[in-house]
Structures are given as C-alpha cells and as structure tokens.
Amino acid sequence: SASGSVNRYALALPSMEINTIGAGGGSIARIDQGGLLRMGPASAGADPGPACYARGGTEPTCTDANLVLGYLSAAYFAGGRLPLDTGAARRAIADRIAKPLRLSLEAAAHGMVQVINVNMAAAIREISVQKGYDPREFPLVCAGGAGPLHAAGIAAELGIARIVVPRDASIFCAAGMLRTDLRHDYVRSCAQTLGGSAAGAGRLRRLVREMLAEARRALAAEGIPAARQRMRFQLDLRYAGQYHEVGVDVSAKSLAAADWKAVRERFHAQHDRLYGYALRAEGTAVDLLNARLSASGVTQKPALRREPRRGPGCARALKGKRPAYLPERKAYREVPVFDGERLGHGNRLKGPAIIESANTSILVPAGWRA
C-alpha cells in the first residue's frame, strides 16, 4: 500500500497493510458490562502467560481453553519443554467465565474458542471483501503456533474449503524474513493529465529514469547483480475531480512508448474491480499524481527438500488417543492423536483427529480430512 495510518496518524509511505485484531494464544477472556463474552485484545503474553503456564498468570486465555477442550497436550506442549497445568486452566475458566455466565466448564471453554474464531473470521472477511476478493475462492494459510487449532473454525465461518498449514507455522514470519527478497520503494510526484501533453510525458519518463538509476545503484551496493534485479512500475491515477487515487501496475514498455490508451484501460479495470464502476464510456479524463518504482533484488533461497510420496496409511504416526471436546456432539470423545513429524507426503486422515508436532498442533474436526 502507498499510504495508511498508524494510531490515527496518516502515513504517506509505501508499507505493508497488516490487519491485526489482538487474537492469539494469550488473549484473555472477559465478560463485558453487557454480560457478553469477549476475547482480547488484552493478552497474558508469554510471561506470566496463560494460567496453564503456571508462571503466575491467573486470567483465562485462549490457550487455557484449548487445553481444557483436549486440543492441546499438557505433556507435549512445545515438544514437551513446557508442561502445562490443566488444573490451573480449569480453575481460571470456571471462576472467571463459567460460573458468572452459569455455563458448564466445557461450554465456557468452547464459547471462548468460538468467539476468537469469529473475531478472526470477521477480520479476514473485512480485508478481503473490502478489496474486492471473495474469501471462498482462496485457501486459508494458517500460521502461528496456535493458529492451526482454529483454522477449520475460521474457514467454516468464511466458507473456505481448503486450509494450508506451513511446516514452519510457529515461526512463519521469521522464516519468511530469512527467505525474502530485498526491496526498495521510490516515488516521484508528477501531477498532470495522463497523456495530456508531450512535455508531461517527457517529464514522467525523466522521473522514471531517475528512480531506475537510483534503484540500480542501491541494489548493486547490496551485492545484487543486474540479472537478479526486478523493477515494477506503478502510477497513481484517478478520474478528473476525484479525491482518491488508484495504484495501477504499468509495464516499462508502456511507459517508454507512452501507450496511454493501454494504461487508461488498466486503470478502468482496476477502478471497476475496487469500486464497482468505471467511467470508460463517458470518456472522463484520467489524472496522474505519482509515479512509483518497487525495485527487488532476488536473493539466494535455501533449497527445499523434496519428500517421496507415501501411501495414504497413517498407522506409523499414530501416538494414541485422548479425550477432546466435539462441538457437534457437545461432549468429549476419544480422538486419535498423530505425530506430525512422522506424517508425510501422501498420508491421508479423516477428522476428528489431532496432529501434534514440536511447534504447532492441528485440529482436524469431524467432516474435514487432512
């Protein structure tokens, strides 16, 4: 995004648009003044952490609810390095949530999970539909240590049929930073009517060449050879008389050839996708405000290991069974637990089931398959 806001302050700089709602394993459950159950945004963090960490935390959190419902293992949390106190989690939820709301312990814990799932689904719906995308057309990539326990609940709220859990789920952001390309963003103001004059077109080309030279110098100084440099141009355009502009990707070829007809057509299509209409037939003039360049340096990535395909059977990865709460039955049932480190490409299993690895746990509800 070329603009945004932080704590209500306008930001006119290239930035990543990240929508955060304060939902995580440490999110604290509370009852508001109207008697409704809320999750977050306050968090117990990692220290003192959820009540089940036994580090002094007394507030009921999302992690406590997942433990009480049987979705987390008290003995295998963080690969067994942090044993959890189930009794402390049960007491926190019973005292702070279940008794005031006159609910059973499991109903209160399940309610906590439902509320946080709805919160996350609402945030995804807002940032996708607002941009013109239907979330049902995409898979849900679910990261974070606790995220895969909630993935199916969130997906069901959004009508999403496929979920992808990265192997590095709990360190997804850090792993991504280590694998990312280098990037520099440049912007030059160039207010004019698009294609209005030869002088205006010449000025735009000069500014583009200036940004391009600056970008190549910066990437070369970082050790990125020309063959691994990628340049992406964008123009901020709007209809004459409009207040807001739309960023439109344009090719270097269109800029060099001053192919304004092709640029206008891309703008009409982008405006129609974002706002539901375009003024193509009316012949409304298009104004240019800024020219932008995103310069990327492609870095060397660690090679991914290809896994041989196995048969569908998962018997070798079965760790055992434990009671887990099944919402469709409103009761605990014995659910198979699989070792995620022993599952491989080609294995298939049906829910209800739980998949555990050292850095995350995946809940596969009834009706889903993995």
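I first looked up the secondary structure of this predicted model, and the protein has eight helices and 14 strands. Helices (H or I, at least four residues) and strands (E, at least two) are DSSP runs, numbered from the N terminus.

I note that residues are numbered from 1 along each chain as its sequence is written. Local features need pLDDT of at least 70 and side-chain atom pairs pLDDT 80 or more, while totals for chains, interfaces and linings use all residues; side-chain values use heavy atoms, without hydrogens and water.

I then looked up the extent of the fold. The C-alpha trace of the protein spans about 75 × 55 × 40 Å along its principal axes.

I next recorded burial. Of the 370 residues of the protein, 38% are buried, that is, under 20% relative accessible area with a 1.4 Å probe, protein chains only.

I also examined contacts (heavy atoms within 4.5 Å). Of those between residues at least 6 apart in sequence, 58% join residues at least 24 apart.

I turned to the surface. The protein exposes about 20,800 Å², and carbon and sulfur atoms supply 54% of this area, computed by the Shrake-Rupley method with a 1.4 Å probe.

I looked up the charges as well. There are 51 positive and 32 negative side chains, and the centres of the two sets lie 5 Å apart. Lys and Arg count as positive, Asp and Glu as negative, while His and the chain ends are not counted; each charge is placed at NZ of Lys, CZ of Arg, CG of Asp or CD of Glu.

Note on methods: Buried < 20%, exposed > 50% of the residue type's maximum accessible area, 1.4 Å probe, protein only.
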